[in-house]
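Visitor: Could you take me in for a close look at one single spot and tell me what surrounds it?

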Amino acid sequence: MTGWLSIFKREFRAYFATPLAYVFIVIFLVLSGVFTFFVGGFYERGQADLLPFFAYLPWLYLFLIPAVAMRLWAEERKSGTLELLMTLPIGISGAVVGKFLAAWAFTAVALGLTFPLVITVNFLGSPDNGAIVSGYLGALLMAGAYLGIGAAVSATTKNQVVAFVLSVTVCFLFTVSGLEIVQAFFPDAVGKEVAKFSFLTRFNDISRGVLDLRDVIYFATLIGFWLFLNRLFLDNAREAG
Amino acid sequence: MAPRLEARSLVKRFGPITAVDHISLKVEAGEVLGFLGPNGAGKTTTMKMLTGFLDPSEGEAYVGGVSVADDPERAKRQIGYLPEGAPAYGDMTPRGFLTFAAETRGLTGAARDAAVARAVHALSLDRVIDQTIETLSKGFRRRVGLAQAILHDPDVLILDEPTDGLDPNQKHDVRNLIDGMRKDKAIIVSTHILEEVEAVCTRVVLIDRGRIVFDGTPAEFRGRAEGAGTLRVILPADAVEDAVEQFEDLDEVSAMDRHPTPDGRVRFTLTGDDRIALINRVTGVIDGAGWPADELELDAGRLDEVFRALTSRETDHQDSNQGQEVRA
């Protein structure tokens, strides 16, 4: 686990050394604005809360987070820097955690830049700011879970496009498992269990202001599990060259 | 004391293919080991196992007595490694990249900056230090990779084709650099370039299809060539009798031949197992007698002939299957 901080710093800076960070942030802010105000009917609802924003966030993340995560390991494998990284005296786990945290911090920056929404809603009315804080924390946890999936999938291939498509698919399954249309496929009891694995179900609860410890544990476990897989995939990646 | 670098019967299999087949090596400080072999012989795979990037299928690697498998971080701290193709983060500048590498090696603050400055100076990177690496020429990129490898003044240096893509001046500089670091480091350099072996290596290990087929000094390597260790010298006719007598007395001379030249002098052809000793003793005799020797010429033996002789089985095989594709 040593060396994670050097990896974190390098990775975090790398986002801003390329257009990636700026393109991502601009697209994220524009789309979240569009969803909140036009699709979500922010004004029409006449309620001072951020539910229209949070409602569409999982769908935005579904495509944007894999786009951030796809390069994490695929690029290292393609350019040969994986060999460099793995022969520096840093543990593999340190590299996995450092990279993940850097990506997570970056998405946190993007999420943080939606603060004008909070100001707007406070200006227009008196929202439940507790629910808003809870919603933001939930969004951050959900971003982490999407990223964990994306990072692990990225370690399975040298091709960033393949990594993107695969992680969107996996993330999609984790997102929609809570929808009624999916629930209909399962017997009631099973469907309830499946729904527990849905980001959508969890996040909807959180964004209404109910941040349960169980939700935190759920997302933390999920992130840990995918980071563990990430490590395993990297061992395979080394063998594959 | 444990050797600086040791490979104990390393084996690497990729599915049905055995890329490295029981390679054992010990490298001490002061040695520059030239790692030779045809493409696909297993040089790079061996280096990847020594540096801990690949896990061996069998056998073990040790760096300063530390097992690479058991304590990879401690082993890796003692190694400077230039991977094949000198990979680096293209979006970083050499300064950023080297600073990052220094930090992963636990250097901080002034020590880190000093290490970066030293490496930048050693590889003459000053001019490009703040350009992104992806905009640099191949030669500069290779030097950035080398700077990264020597940054922390490691005990063991493993360099996979360090001079690939460099022009003759840069090659010369890199060889000087390696030579300058030799005395307190164990160094492995893989190369295709046989002259490089002569220029910097104290030891040659030739591998072919995963096995060591030669391990010795460059002189011994060259000695494998036909006509190696052969010294030709032209002496005046009146010195011949004396010369024959004295040369026959030398232990270093195993065979002697003489032919008159068109202008009435005599050309001696002296053969010996150790060509360095041979030339030293023979010139000693000539100097002592005060003969006006002419055309003193050591037939050096051709390195590429040795290389081909020791690794040509595969080529022979392919020749006998003329025109057929041999699939690996």
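Guide: Start with the side chain of Lys43(B): one of its polar atoms sits 3.5 Å from the backbone oxygen of Pro38(B), a polar contact, meaning a pair of N or O atoms within 3.5 Å, where within protein one must be able to donate a hydrogen and the other to accept it, and residues adjacent in sequence count only if both atoms are side-chain atoms. Bear in mind that this is a predicted model, where local features need pLDDT of at least 70 (the predictor's confidence in each residue, from 0 to 100) and side-chain atom pairs count only at pLDDT 80 or more, while totals for chains, interfaces and linings use all residues. Side-chain values use heavy atoms, without hydrogens and water; residues are numbered from 1 along each chain as its sequence is written, with chains lettered from A and ligands numbered from 1 in the order written.

Now the charge. Lys43(B) is buried (under 20% relative accessible area, 1.4 Å probe, protein chains only), yet it has no salt bridge, which would take a side-chain nitrogen of Lys or Arg within 4 Å of a carboxyl oxygen of Asp or Glu. The nearest side chain of opposite charge belongs to Glu161(B), 5.0 Å away; Lys and Arg count as positive here, Asp and Glu as negative, and His and the chain ends are not counted.

As for company, skip the neighbours within four places in sequence, and Lys43(B) is in contact (heavy atoms within 4.5 Å) with Phe35(B), Leu36(B), Gly37(B) and Pro38(B), plus Ser190(B), Thr191(B), His192(B) and Ile207(B).

Stepping back, Lys43(B) lies in helix H1 of chain B, residues 43–50; helices are DSSP runs of H or I, at least four residues, numbered from the N terminus. Chain B itself is divided into domain 1 (5–223) and domain 2 (230–299), with bounds from an automatic or database domain assignment. Taken over C-alpha atoms, the centres of those two domains of chain B are 43 Å apart.

Notes:
Helix = DSSP H or I, 4+ residues; strand = E, 2+ residues; numbered from the N terminus. Buried < 20%, exposed > 50% of the residue type's maximum accessible area, 1.4 Å probe, protein only.
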